Amino acid sequence: IVSVFSEFKKYPDGPKLSFRSNASRISTTWYIESYQLNGSDQTATHLSFVGSDYALSISKDGSYLEYGNFPDQGTCQFADKHESFYRQSYVIGGQIQKYSILRLEFKSMWLKHTKANGDVEEIHYIAYR
């Protein structure tokens, strides 16, 4: 039984099993719970930068709205067998960013992103405040 359930684990940090589709789990409004830059906790600094009212709202149709000091909108889509997703910004000249999904639960999403300068950020989101 253990080996059967281990095959259900899609993301490194979970969940082990979910009956909701990835699109259903990602479609909500997300708030930053923690932020790490190159392995160092930078949550307070990042929240100050993006704004205390920061939120990322993703719809089932693949569109997103980002609120805070740098509002943005665009589209996102899963890739790599749903192990990552790409965000394409309408505001930042069509820029595309890839995020690796570390965890995707109904109320928790962890993403990892490598910036153009090589810095690695890990963002932990929650679906409530």
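**Strands, hairpins and one helix**

In strand β5, T75 is the bridge partner of S63; here strands (E, at least two residues) and helices (H or I, at least four residues) are DSSP runs, numbered from the N terminus, and two strands are taken to pair if DSSP finds at least two bridges between them. The model is predicted, so that local features need a pLDDT of at least 70 and side-chain atom pairs count only at pLDDT 80 or more, whereas totals for chains, interfaces and linings use all residues. Residues are numbered from 1 along each chain as its sequence is written, and side-chain values use heavy atoms, with hydrogens and water left out.

Strand β4 (residues 63–67) is a convenient place to begin. It pairs with β5 (residues 72–79) in the antiparallel sense over four bridges, and it also pairs with β3 (residues 55–58), again antiparallel and over four bridges, with L56 standing opposite E66 of β4. The side chains of β4 alternate: Y64 and E66 point to one face and are buried, while S63, L65 and Y67 point to the other face and are not buried. Buried means under 20% relative accessible area, exposed means over 50%, and partly exposed lies in between (1.4 Å probe, protein chains only).

Both of these pairings are hairpins. Four residues lie between β3 and β4, and G62 in that turn has a positive phi of about 95°; four residues also lie between β4 and β5, where G68 in the turn has a positive phi of about 130°.

Following the chain onward, β5 and β6 (84–89) pair in the antiparallel sense over six bridges, and Q77 has Y86 in β6 as its bridge partner. In their hairpin, with four residues between the strands, D80 takes a positive phi near 55°. β6 is in turn joined to β7 (96–104) by five bridges, the two strands running antiparallel, and R87 finds its bridge partner in Q97 of β7. The hairpin of β6 and β7 has six residues between the strands, and G93 takes a positive phi near 60° there.

The loop between β6 and β7 also contains I92, which counts as partly exposed because its relative accessibility is 48%. Together with Y90 and V91, I92 makes a nonpolar surface patch of about 320 Å².

What does helix α3 (residues 43–50) bury? Its buried residues are T43, H46 and V50, and because they cover an arc of only 70° around the axis, they lie on the same side of α3; the arc is that of the directions from the helix axis to the C-beta atoms. As background, an α-helix has 3.6 residues a turn, so residues three or four places apart point the same way. The buried residues of α3 pack against β1 (29–37) and β2 (40–41), contact being defined by heavy atoms within 4.5 Å. On the other side of the helix, A44, T45, S48 and F49 are exposed. α3 is followed by G51, whose phi is positive, near 105°.

One further backbone feature lies in the loop between β1 and β2, where N38 is placed. Most residues other than glycine have a negative phi, yet N38, although not a glycine, has a positive phi of about 55°. N38 is partly exposed, with a relative accessible area of 47%.

Methods: Patch = residues over 30% accessible without salt bridge, like charges linked within 9 Å, V, L, I, M, F, W, Y side chains within 5 Å. Areas by Shrake-Rupley, 256 points an atom, 1.4 Å probe, with all protein chains shown as cover. Salt bridge = Lys/Arg side-chain N within 4 Å of Asp/Glu carboxyl O.
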